[in-house]
Amino acid sequence: TQGTLQILDAKRDTRSNIFDPNSSFRISGYSSGLPVQIFNFPEQVAGFVYSNTDGSLTRIDYGKEATAGSGGTLPSRSDSIAVPPNFNHVYAASSSIGQLIVIDNTSGRTFALNLPNVYRVAVNQGDTVVLAMVRNSNTLYRLLKLNANQPAVPGAIDCQPFNLPVYCVVPVPDSATTPSLDRPVGAYFSLDGTKAYVLNCGAECGGSGMLLCWIATYLFLP
């Protein structure tokens, strides 16, 4: 019913660490059940751990080998989670409830946008482009943050909150130079964050493509 985070010494391949400041060889203060995902950041000074049972996202201080507070709460058993390096937002896709969740740490608010069967989410390094994928669908979706008092985007699948929307999720149209997608399952971004390479599963996921997977490229201008 409860999980622990063990410290592994990668240099000596033992369940311990080099400096031995924590004799129990575990992250102190962590007690959430079934931790299943770890998000490490480039500086390697902090990380976030997602618990599949209670949906908690816990911040970990690597230097102190201890928890450093909550990173928010997401739906339990979320299919996919994306956290940008600045930690201004947390994004989660939960197909069981058909929602794309946004924890906006800049405003202290959480938004749940309805997108049935959404199960993959990806964000670029600058936290400016967020893409979502839906199970058994060839459509790619983008999350848009609106300006103050901006009306809902035409053609949006959902906007939240309903009366004064802050976020909308919209389908990404195919361009003349980009072929139609075939069961997109993931997205990887260029270093400047303006280009997304979308991984397609094709026939392996019930699509029409003959290849097991292929990549389509999308350019997102500032």
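In this predicted model, Leu115 is in contact with Gly98, Gln99, Ala132, Val134, Tyr141, Ile157 and Val169, leaving aside residues up to four places away in sequence. Leu115 is also among the residues with the most contacts inside the largest nonpolar core, which has 19 residues. Others in that group are Tyr91, Val102, Leu113, Val121, Leu143 and Tyr167. Two or more residues of this core come from each of the strands β6, β7, β8 (109-114), β9 (118-123), β10 (130-134), β11 (140-145) and β13 (167-171). A second core of 13 residues is separate from it and includes Phe41, Phe48, Leu57 and Ile101.

One of the residues that Leu115 touches is Gln99, which lies in strand β7 (residues 99-104). Beyond its neighbours within four places in sequence, Gln99 touches Ala92, Ala93, Ser94, Ala112, Leu113, Asn114, Leu115 and Val118. With Asn114 there is a polar contact between the two side chains, at 3.5 Å.

Strand β6 (residues 89-94) contains His89. Is His89 buried or exposed? Its relative accessible area is 8%, and under 20% counts as buried, so His89 is buried. Residues in contact with His89, apart from those up to four places away in sequence, include Val83, Pro84, Asp127 and Lys145. Also on that list is a run from the chain: Val102, Ile103, Asp104, Asn105 and Thr106. His89 and Asp104 are 15 residues apart along the chain, yet their C-alpha atoms are separated by 4.7 Å.

Tyr167 touches His89 as well, and the side chains of these two residues make a polar contact of 3.1 Å. Tyr167 is also one of the residues with the most contacts inside the largest nonpolar core.

How values were computed. Residues numbered from 1 in each chain as written. Predicted model: local features only at pLDDT ≥ 70, side-chain atom pairs only at ≥ 80, totals over all residues. Heavy atoms only, no water. Helix = DSSP H or I, 4+ residues; strand = E, 2+ residues; numbered from the N terminus. Buried < 20%, exposed > 50% of the residue type's maximum accessible area, 1.4 Å probe, protein only. Contact = heavy atoms within 4.5 Å. Polar contact = N/O pair within 3.5 Å; in protein donor to acceptor, adjacent residues only side chain to side chain. Core = buried A, V, L, I, M, F, W, Y, C linked by side-chain atoms within 4.5 Å.
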